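Please take the structure below and follow it from its overall make-up to its core and its charged pairs.

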Amino acid sequence: MRRIKALDAVVAAVFLFAAVSSLGLSSKGDQVRIDSAYATYIYPLDEDRTVTVPGPLGDTVVRIEDSTFRIVSSPCPGQTCLHMRMGSSVCCLPNRVLVSLDDGNGGADAISY
């Protein structure tokens, strides 16, 4: 039987910490930040709404509901964005729309396009 090395334990601890930390992503104080080619929009995560976001290819529709968000329609050719599940962000790259969680503290997001 193989023994666990120290570096293996550290890597496992980091992954466990990341998994546990991600459970709190949809807490009530969070906001949804929608960045498009033309503007940035911020909405509370705990208020249900549908947002139409203009992009270079046309309008992308984002649905915020039950403290989650998703893209419900987009003019992009592949339609991959419609099948993305909410993690910390979902995006429609061809239409240059990024939807992400924002803690409301004004911190910069590490995601850019």
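**From fold to side chains**

The accessible surface of the chain amounts to about 7400 Å², and carbon and sulfur atoms account for 57% of that area. The model is predicted. Of the chain's 113 residues, 27% count as buried.

The chain contains one helix and seven strands. Read from the N terminus, the elements follow the order α-β-β-β-β-β-β-β, so the helix precedes the strands in the chain. Among contacts between residues at least 6 apart in sequence, 30% link residues at least 24 apart.

The next topic is the interior. The largest nonpolar core has 17 residues, and those that touch the most other members are Val32, Ile34, Phe69, Ile71 and Val99. Two or more residues of this core come from each of strand E1 (31-35), strand E3 (49-55), strand E4 (58-65), strand E5 (68-73), strand E6 (89-92) and strand E7 (97-102). Of these, E7 gives the most, with three residues.

Ile71 can serve as an example from this core. Leaving aside residues up to four places away in sequence, Ile71 touches Thr60, Val61 and Val62, then Cys81 and Leu82, then Val90, Cys91 and Cys92, and also Val99. Val99 itself is, like Ile71, one of the core residues that touch the most other members.

The charged side chains come next. Side chains of opposite charge can pair when their charged atoms come close. How many salt bridges does the structure hold? There are three.

One of them joins the side chains of Arg33 and Asp35, with a distance of 3.0 Å from N to O. Asp35 counts as buried because its relative accessibility is 13%, under the 20% limit. Arg33, at 27% relative accessibility, counts as partly exposed. This salt bridge therefore pairs a partly exposed arginine with a buried aspartate.

Another salt bridge is formed by Arg49 and Glu47, whose closest N and O atoms are 3.0 Å apart. Arg49 has a relative accessible area of 26% and is partly exposed. Glu47 is also partly exposed, with a relative accessible area of 40%.

The side chains of Arg63 and Glu65 form a salt bridge as well, at 3.5 Å from N to O. Glu65 counts as partly exposed, at 31% relative accessibility.

Definitions and conventions. Residues are numbered from 1 along each chain as its sequence is written. This is a predicted model: local features need pLDDT of at least 70, side-chain atom pairs count only at pLDDT 80 or more; totals for chains, interfaces and linings use all residues. Side-chain values use heavy atoms; hydrogens and water are left out. Helices (H or I, at least four residues) and strands (E, at least two) are DSSP runs, numbered from the N terminus. Buried means under 20% relative accessible area, exposed over 50%, partly exposed in between (1.4 Å probe, protein chains only). Contact means heavy atoms within 4.5 Å. Accessible areas come from the Shrake-Rupley method with a 1.4 Å probe; for residues, only the protein chains shown count as cover. A nonpolar core is a set of buried Ala, Val, Leu, Ile, Met, Phe, Trp, Tyr and Cys residues joined through side-chain atoms within 4.5 Å. A salt bridge is a side-chain nitrogen of Lys or Arg within 4 Å of a carboxyl oxygen of Asp or Glu.
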